[in-house]
Amino acid sequence: MSSKPKIGIYGLTGCAGDQLVILNCEDELLDIVGATDIRSFPMAMSGGDENCPLDIVFIDGTVVQPKDEEMLKRLRERANLLIAVGTCAVWGGVPAMENKFSREEVKKRVYGPTGDLFKTITPQPLSSFVKVDLSISGCPIEKEQLLQAVASLLHGDLPRLPNYAVCTECKMAEYPCLLIEKGHLCLGPITVAGCKARCPSYGRPCIGCRGPVEEANISSEVRLLKEKGFTPSDIQNRLRTFAGAADSLQMESLKEGTNA
Amino acid sequence: MRKSIVIDHLCRVEGHGGITVKIENGKVAEVNMDIFEGPRFFEPLVVGRTYDEVAPILMRICAICSAAHTVASLMAVENAFGIEVTPQTRLLRELLVQGGNIESHALHIFCLAIPDFLGYPSAIALASDHLQEVKMGLELKKLGNTIQETIGGRAIHPVNAVVGGFGKLPSQDELSGLKEQLKRGLEQSLSGFDLVCSLQVPDFCTSPNIYAALSSDGSGYGLFGDKIALSTGGTKDIKTYREICNEGVVAHSHAKQSLFKGKPFAVGALARIALNGEKLSGQAKKAKDKLGMSLLSGNMLYNNAAQAVEMIYSIERSIEIIDELLSVGLNEERPVDIRLRAGTGTGAVEAPRGTLYHSYSFDERGRLTEADVITPTAQNLANIEKDLRVSVENLIAEPKESICSKLEMVVRAYDPCISCAVHLLKVG
């Protein structure tokens, strides 16, 4: 047992979809279990070890309350490698979406005076609080990317993840262009690849669920979308649905950048 | 004498929750199902979004129930704009929801609940002694996911189901292939049911339940309906769901609780079978008849057996839907056109864990002005606390550890989805 890497799989606040992707590896799950020493996976098993050092910890979800932050920092102390799985963990995800209400205001509207009994913090990705060794984005993550990552990690390597856009995958698959030809609000050009252009393959525009690709040309995307007749608020809403915490997706900063 | 039982973190449930029980002078003083999953404030987040953005955001309330959230959301949007989708779209959406039901029930029965009954901490540990059973469970789970991938375009958070219809239709070959897998799955679901029937079901949590589920005038058992049936008698229009799901804020929980006329009620597979079980047919009916009255005994631990019956039903119904689609041939239709108008609409679906309601208002430009989502687990929370109280009263003489594991078993029987429950809607 001792030679197998000790693994922990945890969720902060979120839909648990990325943990579910792990459980959805129905054909590989028993092999993964055999090749690793899963010490704790509260969603799927009782009696986990909550104190042992871990070789690898996989964490999905977003930090939205002090409890999440404490748990994350504790896991960082225990783990050699900390892996953020899913767009919530990597970018803040849907909970960190741009919103015109402050957290305190929202809490009051939702819970009334009872809201004072608990604390919330502005939703943020894991990297705002701790060092993250590997980020696997996606809402949810793609099973193949997860399995490749696990295989690399078991060999002591970090996996190579795509640093190109969904648009590239879409072109390779020769799907009709939804942005240029059909005039849809498609974020394929600025969203990181890895899903094999899943939405365009169903004739649906990319909504950016995997977060922005490195060095994305946001200003060019915004200009194109404006030409297609989308309003700045429609564009901003779509840009910040999954990665509201990413500075590159703030249109205000974009404007300053263009003027500079 | 004061004593308390605290379960900090429930395992093998989706999300973050615990249980606190306070005992004074040998009597149960207080029982709380604590929900400390962080709030995400979904409903205020979608205000101002255009109608087509609503489902992709709100389906992310929950991964396991994302198909049901998607379909309920789309139905609410379409209802608000007064549009009708085609019969083909309705069938495909139902197939998607049946796929979600198969996946979720298989996950719950085999991976989360059965280990309780056989005394294992997890399905992983269970696999070392019962490999065949665990493999069968995983195959059934995969079948549910394959349906969701084929129809919804992804097993979690479907991309292909959109307002008015579908992005791309499945091919006849894909549907025929699914049917073959479903036929094999039917055999497995029957074995799974036998396995569940062989489990000893203790009765420490038995107490009278009020059940609620969707119902329709149709002849078959179903996961859709335009009315809400209650075991106390009578039905209500789904638009009046607020009369049942009278949500209140409680201090120990980030999820609100639902009460019907001041009493807790239960939703989910057991509630559906209690209310609509006479409409079951085929192998599912035989399975239900085999269980007999135990399903109606008020023992929520039978929810696992009810799920096993429903897994058979969902597979048989999926085969029926595919036969119907293939017999008339798939019509290459585009999503129905939307005419924007100001309005309010409600959609309801029986999610794996019970009735799920989405209700929205839009302005004349199709932007959302108000959203309300009531999830099954939020409806079940008060009933879970009722069952926990009964259980502690019955188990009070037992050692603390034994009480704890049995209380966890009660919560798990409801198959709670805590992410869903912390959905956070606006107060009045």
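The exercises below work through the contacts between chains and between domains in a predicted model.

**Exercise 1. Describe the interface of chain B and chain A by its residues, its buried area and its polar pairs.**

Step 1. Begin with the residues that take part: 65 residues of chain B are in contact with 58 residues of chain A.

Step 2. Turn next to the area, which comes to about 5300 Å² buried between chain B and chain A, with 63% of it on carbon and sulfur atoms.

Step 3. Count the charged and polar pairs, for which the interface of chain B and chain A gives 5 salt bridges and 14 residue pairs in polar contact, both residues of each pair being at pLDDT 80 or more.

Step 4. Ask which elements supply the side of chain B that touches chain A: α1 (42–45), α2 (51–58), α4 (87–118), α5 (123–129) and α6 (131–152) of chain B each give two or more residues to that side, and the largest share, 7 residues, comes from α6(B).

Step 5. Sort the side of chain B that touches chain A by class, which yields 34 nonpolar, 12 polar and 19 charged residues.

**Exercise 2. Decide whether B:E53 and A:R238 meet the distance cut-off for a salt bridge, and state the distance.**

Step 1. The test requires a side-chain nitrogen of Lys or Arg within 4 Å of a carboxyl oxygen of Asp or Glu.

Step 2. For the side chains of B:E53 and A:R238 the distance from N to O is 3.7 Å, and the pair is a salt bridge.

**Exercise 3. Examine α6(B) for its span and for the residue that comes after the helix.**

Step 1. α6(B) has 22 residues, and the distance from its first C-alpha to its last is 31 Å, which is close to the 32 Å expected at 1.5 Å a residue.

Step 2. The residue that follows α6(B) is B:G153, which has a positive phi, near 85°.

**Exercise 4. Characterise the contact between the two domains of chain B.**

Step 1. Set the bounds: chain B is divided into domain 1 (2–35) and domain 2 (42–421), and their C-alpha centres lie 26 Å apart.

Step 2. Domain 1 of chain B places 25 residues in contact with 32 residues of domain 2 of chain B, and the two domains bury about 2400 Å² between them, 66% of it on carbon and sulfur atoms.

Step 3. Between these domains of chain B the count is 0 salt bridges, while 3 residue pairs are in polar contact, both residues at pLDDT 80 or more.

Step 4. On the side of domain 1 of chain B that touches domain 2 of chain B, at least two residues come from each of β1 (2–7), β2 (17–24) and β3 (27–35) of chain B, with β3(B) giving the most, 9 residues.

Step 5. By class, this side of domain 1 of chain B has 13 nonpolar, 6 polar and 6 charged residues.

**Exercise 5. Carry out the corresponding analysis for the two domains of chain A.**

Step 1. Chain A is divided into domain 1 (6–154) and domain 2 (166–254), with 25 Å between their centres, taken over C-alpha atoms.

Step 2. The contact takes 14 residues from domain 1 of chain A and 18 residues from domain 2 of chain A, and the buried area is about 1300 Å², of which carbon and sulfur atoms give 50%.

Step 3. Across this interface of chain A there is 1 salt bridge, and there are 5 residue pairs in polar contact, both residues at pLDDT 80 or more.

Definitions and conventions. Residues are numbered from 1 along each chain as its sequence is written. Chains are lettered from A and ligands numbered from 1 in the order in which they are written. This is a predicted model: local features need pLDDT of at least 70, side-chain atom pairs count only at pLDDT 80 or more; totals for chains, interfaces and linings use all residues. Side-chain values use heavy atoms; hydrogens and water are left out. Contact means heavy atoms within 4.5 Å. Buried area is the accessible area (1.4 Å probe) that two parts lose on being put together, summed over both. A polar contact is a pair of N or O atoms within 3.5 Å; within protein, one must be able to donate a hydrogen and the other to accept it, and residues adjacent in sequence count only if both atoms are side-chain atoms. Helices (H or I, at least four residues) and strands (E, at least two) are DSSP runs, numbered from the N terminus. Ala, Val, Leu, Ile, Met, Phe, Trp, Tyr, Cys and Pro count as nonpolar, Asp, Glu, Lys and Arg as charged, and the others, Gly among them, as polar. Domain bounds come from an automatic or database domain assignment. The expected span of a helix is 1.5 Å times one less than its number of residues.
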